[in-house]
Amino acid sequence: MKDSSPQTIYLKDYTPPAWLVEDVHLTFRLAPRATRVTSRVRFVPNPEATAREFFLHGEELKLISCHIDGRSVTPEVTPEGLTCDVPDGPFTWEAEVEISPETNTALEGLYMSSGMYCTQCEAESFRKITYYPDRPDVMAPFTVRIESDLPVMLSNGNPVAQGQGWAEWHDPWKKPSYLFALVAGNLVNHPDSFTTMSGREVELNIWVRPGDLHKCAFGMEALKKSMKWDEEVYGREYDLDIFNIVAVDDFNMGAMENKGLNIFNSSAVLASPETSTDANFERIEAIIAHEYFHNWTGNRITCRDWFQLCLKEGLTVYRDSQFTSDMRSAPVKRISDVIDLRARQFPEDQGPLSHPVRPESFQEINNFYTATVYEKGAEVIGMLKRLVGDEAYARALDLYFERHDGDAATIEDWLKVFEDVTDRDLTQFKRWYSQSGTPRLKVTEEWTPADASRPPSRDLAANPEAPDQVRGGTGTYTLTFEQHTPPTPGQRDKAPQVLPIAVGLLTPNGDEVVPTTLLEMTEAKQSFSFDGLTRKPVPSLLRGFSAPVVLEREASREERLFLLAHDTDSFTRWEASRDLARASMLGALTDPSKGPDRTWLEALRGVVRDTELDPAYRALLLALPGENEMAQTLHERGITPDPEAIHSTRQAHLQARAELWQANLPILAEEVAVTAPYRPDAEQSGKRALGAAVLDMQSRIDWGKTAARQFETADNMTQQLSALACLIRYDAKNSARYIRDFYDQWKDDRLVIDKWFMLQVSEATPDRAAEAAEGLTQHPDFDLKNPNRFRATLGALAMNHAGFHRADGAGYALLADWLIRLDTLNPQTTARMCSVFQAWRRYDADRQALIRSNLERIAAKPDLSRDVAEMVGRILA
Ligand code: 0A1
Ligand code: ZN
């Protein structure tokens, strides 16, 4: 068990390692409960160190023997590691330890999943494999020998030799221990190859359990596309003879970028049209790209310490989102990313778990693999790129790779390359890394009409497309912005941040009079004027969501309707629709006599019927803000959210829309019908996304008749699942039968059965969600040890907003019961799931009391893990 007495680590306490490692040899003699690991490590003093203490991390290891330069030594061992008297100069350390992969349910270090051995070492789990300086600034080449009777034995780098019962691998690139990996099992491969830009041939493999071989082709294509893209866009070439991917059923996260041997949660790599949805395909493509891109941003250049996590994660998320934009639709990707940011990162940044993109302290680093480090970290890079421009960004990145290849780097190093390339002072920009919380941006406008005494200005002639009637005037339009970031834990007062605000101005008849212009805000309050206008323009603000802020502007309904109809920026056009939807629901929530805003629904119908627009984009326009987002919106306006009222208001909106649009539905359905064979590309999946939204509306009217037909005839999981969702929602009488049929069809496919678990909970009515989840925990296929299944059941409950927040507290109690059980087995997944309670202070006093008592119940669990103790402590603080 981990030590649960809280010990806080601070960025400011960083000191360089006393000893560096020249090279590492590891030998694994694999056995489920008694794997022997021997290590031979060449240590040399670090000339930059201030102390010479010799300390090796090590946890849950049985030390068999250790030697220094061949002489047996007796170190002092604690639960965290060991210390030992060592020579003044270079020496060779040898140790043998024993570990038990089969009983390792935490899935950290070396563990077993469905009969195979695999590892997960990031962030600090190599220390559960052997004694070692387990910190990212200690980098070394590794040689690994694996001994077992399993047919496939893999590690990092290139294969060196193999024989009956053994295999040897060598990774020539120095790396930190967190990138170490080993896999052994009865696996089969989907092979391919890639020729790099300099003409080197790289062997590619996706390794899976024998029954999964038919699910590898898409992942392999995604890998080759990623390799090519990174060469073309970032000039980055792959650097080993072989690249292996392995699919593992039991995995805490999505995937892991171990050098030359990426290990994936099987849900993040395995796909087939019959078993995977379009969303699964898109996610898989993005995760494969993400892990591959880490080879340069993370592996070749790694992090000096874990506080710098965003250095590799923010950048790699940014790179994978660029990749997806290039492979698919850039506007759709941007909107999807913003939806995700608001759903996951904003609540984090505005609640008790708020922390800077580069945190300054932690107890358990596993708790900092967050939306703030990843997604806000990527937003910060997007802002930097906007500010310096594409060309300077490319030069800065080239310099970054050139200057820091082989380094364990910091955010200071990262910003310095931008400063050197652009001569900009990024001191203020750096606040994005140190200041937590979401900035709020208030906007006011002022119009000074044409002054006949002044000669007409020609300023706007820069835009030759601007119509004559608005150019050449003397009117001035001024936008005044005020930024303010509310206090967050440990940070009361905030300084102004650099905000890149992209704006465009439209004339009242829809022409763009000022095309997208970047305003660079640096003050707490700042005005920007546009002159030479003949008429007051309509502003289109924060185009492309150019900064991760909350825009506070109560625009009129007319203005939003205008932008929905005319905005030339696809993001702000979508945002106008979102604002209208939010306003309509808010109106109904605060005044129950009000129904849905029909004018908006009419306007939206016009846009959604526009066949010139990408169906995927139209599907996004159709999606109403979720219940959680509405709860947050109410909270921001000082209103305590009532989950049941939010649920019923949202349902009423969906129902009203379906009824109003009834006559259009068959035509829309017809328009997006796909007749060609299934392809998971942007074009077809956009049509299916719009088709699913139409099916939902149709099902509200025909009680599932069309959905039943689709369920019976679908030849792909996307349509089968969207039909099943509608049947659960709208055909209460028969839904049990469909649920059974689906199970019978797919009972042998774990990933599909995860969907089956999830859908029954996420689609359950609020009064039934907790019972549905509880019932499923009793199902023979429920497996507490499998994170995917746990999330599909209990994570889905937390996503069912009104069901989870049911007034009697049944949702909270059920989740807490299971988190207490899971903590003993898997602290990391338990801790991550505790974050569903983070927004608890939004709700009424009764709900708050119920949540608090459940959190206290978790906190009181004997032997609570350090991971969960930290999370619950922060949430309750
Ligand atoms: N670095 C991986 C994700 C990852 C992070 C932490 C893990 O264990 C604590 C496991 C995987 C990525 O960004 O894809
Ligand atoms: Zn990553």
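**Notes on the model, point by point**

1. Let's start with Asn 734, which sits in the loop between α18 (717–730) and α19 (735–746). Keep in mind that this is a predicted model. Is Asn 734 buried, exposed or partly exposed? It has 13 C-beta neighbours inside 10 Å, so it counts as partly exposed; the cut-off for exposed is 12 or fewer. As for what lies across from this loop residue, Gly 704 is 30 residues away along the chain, and the two C-alpha atoms are separated by 9.5 Å.

2. On to ligand 1. Its shell is made up of 14 residues, and the closest are Glu 122, Met 253, Met 256, Asn 366 and Tyr 369. Two elements give two or more residues to that shell, namely β20 (255–256) and α2 (278–293). By residue class, the shell splits into five nonpolar, five polar and four charged.

3. Next, the N-terminal stretch. An unreviewed UniProt entry annotates residues 26–179 as "domain: Aminopeptidase N-like N-terminal". In the model, that span is 52% strand and 0% helix, and its end C-alpha atoms lie 14 Å apart.

4. There is an open sheet of eight strands worth tracing, with mixed pairing. The order runs β6-β5-β9-β3-β2-β12-β15-β14. Which strands stand at the edges? They are β6 (71–72) and β14 (158–163); each has a single partner strand, so one side of each is left without a neighbour in the sheet.

5. A closer look at the β6 edge: β5 (residues 62–68) and β6 run antiparallel and are joined by two bridges. One bridge to check on screen pairs Ile 68 with Arg 71 of β6. As background, strands of a sheet pair through backbone hydrogen bonds, either parallel or antiparallel.

6. Last, helix α26 (residues 845–859). At 1.5 Å a residue, its 15 residues should span 21 Å, and the end C-alpha atoms are 21 Å apart, so the two agree. Where do the buried residues of α26 fall around the axis? The buried set is Arg 847, Leu 850, Ile 851, Asn 854, Leu 855 and Ile 858. They cover an arc of only 130 degrees around the axis, which means they are on the same side of α26. The general rule is that an α-helix has 3.6 residues a turn, so residues three or four places apart point the same way. On the other side of α26, the exposed residues are Ala 845, Asp 846, Ala 849 and Glu 856. Note that the buried set includes Arg 847 and Asn 854 alongside Leu 850, Ile 851, Leu 855 and Ile 858.

Definitions and conventions
Residues numbered from 1 in each chain as written. Chains lettered and ligands numbered in written order. Predicted model: local features only at pLDDT ≥ 70, side-chain atom pairs only at ≥ 80, totals over all residues. Near = placed C-beta within 6 Å. Helix = DSSP H or I, 4+ residues; strand = E, 2+ residues; numbered from the N terminus. Nonpolar A, V, L, I, M, F, W, Y, C, P; charged D, E, K, R; others polar. Buried ≥ 20, exposed ≤ 12 C-beta atoms within 10 Å, placed from the backbone. UniProt positions renumbered as here; feature names shortened; annotations may be inferred. Pairing = 2+ DSSP bridges. Expected span 1.5 Å × (residues − 1). Arc of directions from axis to C-beta.
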